[in-house]
Amino acid sequence: MDGNDMDRNDIKSYYYFKDEEKEVRFKRHDTPTPWMNYLSNGTFHTMISQAGGGVAFYKSPQIWRISRYRFFHLPTDRSGPYIYIQDAKTKEYWSPTYEPVEVRLDKWESAHGMGYTRFMAEKDGLCAELTYFVGELENSLIWNLKLKNNNSVDKKIKLFAFVELGMMEFMRELQWQCYNKHQLSVKYKESSGALIYKYGVENQPKPDETPLVYFTADRRPSAYDGDRDEFIGSYRSEANPFAIEKDGCTNSTLLGGDPCAALQFDITIKAGQEETINIFLGTGMTEEEIEKSIENSRQADFTSKSFKLLKEHWNNYLGKFKCSLPDTDAQRQINIWNPYQADRNFLFSRNISFYATGTFRGVGYRDTAQDILSKVPFDIEASKDKIKLLLSQEYKDGHVNHYFFPNEGWEPVKSIHSDDHLWTVLSVWQVVIESGDLSFLDEKVSYYDGGDGTVYDHLTKSIDFTLSKLGVNGFPLMLRSDWNDQLFRVCREGKGESIWTAMQFGVALKKMAELAKLKGNKEEVLKYNTKYEQQKVLVNSTGWDGKWFRRAVMDDGRFLGSDVHEEAKIWLNAQTWAVMSGMGDKDKCIQAMDCVKEMLDTELGIKKIHPSIVNFPSPEDPLTNYNPGTGENGAVFCHANTWAIIAECMLGRGDIAYKYYKQLIPNVAMEKAGIWRYKAEPYVYVSNIFGPESDKFGLANVSWLTGTAAWMYVAVTQYIMGIRPQWEGLMINPCLPSEWDNISIEREFRGCKYDIEISNNSKGAKSISVDGERIKGNIIPHVSGRKTAIVKVIM
Ligand code: GLC
């Protein structure tokens, strides 16, 4: 099973889905890039690949990183939480994770599930099943290893568990580990059989909140190492540790140097018998706390109980929205991987992934405000907390910090963007509508620059901020940029205006008008509707280029996104949001979305702009340095594709919407592009895919942490399936592809479980019945106390 002598283009040789178990399974370890999973209890986290590489961290990968992961370095995907199994007689050794030892195994498979990753391996009659997960009972990565000796003779093995540690502050490590590493220590506590690592580096941002790290097992080790040099040796790596090849662990401790945590266990497994060992890599604030945590972890049922709780959590969580569709790929995404990915975005914003090193980004205001949209149906309370965290970054004038660092306590990034502060209007609206409760609007949140106001006050200020920053054409000023990070290059003089932000503002104004109405505030309703109408007129006049909507006005007064230019003539966002905001005239919207189809769509998704930029607006100062077809240039920007799906549904064009949805389902896109071209995971969305103007059309980038997850979920559940909460109740407004006939959905909404069946007979009249009774319109009125509702929909 060595990748090099297999056909690397044979997708089926890599993986398959096991939907009943909510798992994706890997048949070989050498995927084109590491295919990751995130294990987490909300406080202790581990990112781990299908081959066992990855990194553990406590709360923040920036200041409390526990293990070392070498981003971008070769060999790919090192280091990780590794197990080595050594035959005591022959001294041969291997790893259940396959990596890092280059020994061929007799059998091997791994699997990512909801919050756990499992490896199954066999060598010379010894079977290993190794499951990693983070439970809710302790802040630790649990390594549950089951060994089975299938031979007819007893087997003596030496078992090594190893993890490379480093400085908790990865950036400081890169800069000045030469001295700082002498402020680290690893000692062995005889009494508890645990290695304890202390990060004692001076000048760290939050020394009082820095935990100690422990590494132990539910049985006593026979030897240990805390010094990486002693365990690995020189000119060696995780692939061939010196200690394993020589006489085993050396009982080294570390008072300064390069730390590791390695434990050795000498075990005899009787013929035909099984042995289980649980290993714990965890944190505690004090040694006493660690003692307690270890004692708890060594309880006989600790691991099984922790795993059971994890399973229950995900079954309950994903049970809130389930569907059955005539499309297995879509069904799997909606029921399993999309909400799972969206939850990880909600947790980590854009901080750490195989692509993002976890050194730089905190909580992005607009990123997280959008992530909340798909969290709301699953967890209203967590969504409210996150919204309040975001609103605490708002200033009294209504603008917000661009991104901030709640765990690290660093100064936020304070650039002012035209869109950031408006996104929270959408998230708050979603929470109010889902819960059917206005009281959240009255909760108090402080302003970043002092004083406090209600959630509703915060929203009104964000609207007023935009109203105070309109340009000469009447559109919102671009400020530093809008949603598109690159646009700062056409508005440096502060005169540039964003036509797209006008549309986003339109969505926010409509939501505000609705909230104001619910609060009984007529004057404000009038104000928001009037402002909406003013922007709408502009969008359809100055904003209209003749065939599509323009994207922006540049500092020099020229339009961006116009047919008069050679490059970047048409921009996806301006077309989709003209529809989404309800601002574009119907005929213009249809024409614009037709242009999207003709000029931007490819078989692997919709390009963000066309043609790609090379020399625009001038060769000396082009709008972007991204190569044509990549990233923020003419790539397929998946996040923005989701809005095309919504727009097409709003125009009632279900077949086009479905085409746009389907072509970005990760495993579908991979099939089309080829695995060695696509490269990223086939189960989670990426941020962008190289476009046809690049040299690698179809190469997928920046998976896991992307706004694509949240919006794709919104697009498919609320627009294609049309299950869209409203204040009065649950709206059912599907826009299905003609090839689907019947679909069914289970959805929890305000304490009631809705069992919805939709028959897609596009010619028939639309009718909805609830528990056998036909209702008027398409909103099922909320009835308090109702626990179940059987809904039949005929289209
Ligand atoms: C990246 C950023 C996001 C931005 C987008 C488009 O995804 O995280 O904030 O809106 O790029 O530029």
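1. A good place to start in this predicted model is R361: a polar atom of its side chain comes 3.0 Å from an oxygen atom of the ligand. E632 also reaches the ligand through its side chain, with a polar atom 2.7 Å from a ligand oxygen. W483 takes part in another way, since here the polar atom belongs to the backbone, and it lies 2.6 Å from an oxygen atom of the ligand.

2. How much of the ligand does the protein cover? On its own the ligand has 310 Å² of accessible area, and the protein covers 88% of that. If you are looking for the site on the model, go to the largest pocket, which is where the ligand sits.

3. Now look at the whole shell. Around the ligand you will find R361, R366, D367, W483, N484, D485, E632 and F637. What kinds of residue make up this shell? Five are charged, two are nonpolar and one is polar.

4. Away from the ligand, the aromatic rings deserve a look: the model has 53 aromatic pairs. One of them is formed by Y84 and F231, whose ring centres are 6.4 Å apart and whose planes make an angle of 55 degrees, so the pair counts as tilted rather than stacked or edge-to-face.

5. Where do the two partners of that pair sit? Y84 belongs to strand β6 (residues 82–87), while F231 belongs to helix α2 (residues 228–232). The two are 147 residues apart, and their pair links distant parts of the chain.

6. The loop between β5 (54–58) and β6 is worth checking by eye, with P75 in it and S79 as well. L74 and P75 are joined by a cis peptide bond, with omega at about -5 degrees. A cis peptide bond also joins R78 and S79, and here too omega is about -5 degrees.

7. One last backbone detail concerns K679. Which sign does its phi angle have, positive or negative? Phi of K679 is positive, near 75 degrees, in a residue other than glycine. To find K679 on the model, look in the loop that runs between α18 (675–678) and β33 (686–689).

Key:
Residues are numbered from 1 along each chain as its sequence is written. This is a predicted model: local features need pLDDT of at least 70, side-chain atom pairs count only at pLDDT 80 or more; totals for chains, interfaces and linings use all residues. Side-chain values use heavy atoms; hydrogens and water are left out. A residue is near a molecule or strand if one of its heavy atoms lies within 4 Å of it. A polar contact is a pair of N or O atoms within 3.5 Å; within protein, one must be able to donate a hydrogen and the other to accept it, and residues adjacent in sequence count only if both atoms are side-chain atoms. Accessible areas come from the Shrake-Rupley method with a 1.4 Å probe; for residues, only the protein chains shown count as cover. On a 1 Å grid over the protein atoms alone, a cavity is a set of points where a 1.4 Å probe fits but cannot get out, and a pocket is an open set with protein on both sides within 12 Å along at least five of seven lines; lining residues have an atom within 4 Å of a point. A molecule sits in a cavity or pocket if more than half of its atoms lie within 2 Å of its grid points. Ala, Val, Leu, Ile, Met, Phe, Trp, Tyr, Cys and Pro count as nonpolar, Asp, Glu, Lys and Arg as charged, and the others, Gly among them, as polar. Rings of Phe, Tyr and Trp (its six-membered ring) pair if their centres lie within 6.5 Å; planes under 30 degrees apart count as stacked, over 60 as edge-to-face and the rest as tilted. Helices (H or I, at least four residues) and strands (E, at least two) are DSSP runs, numbered from the N terminus.
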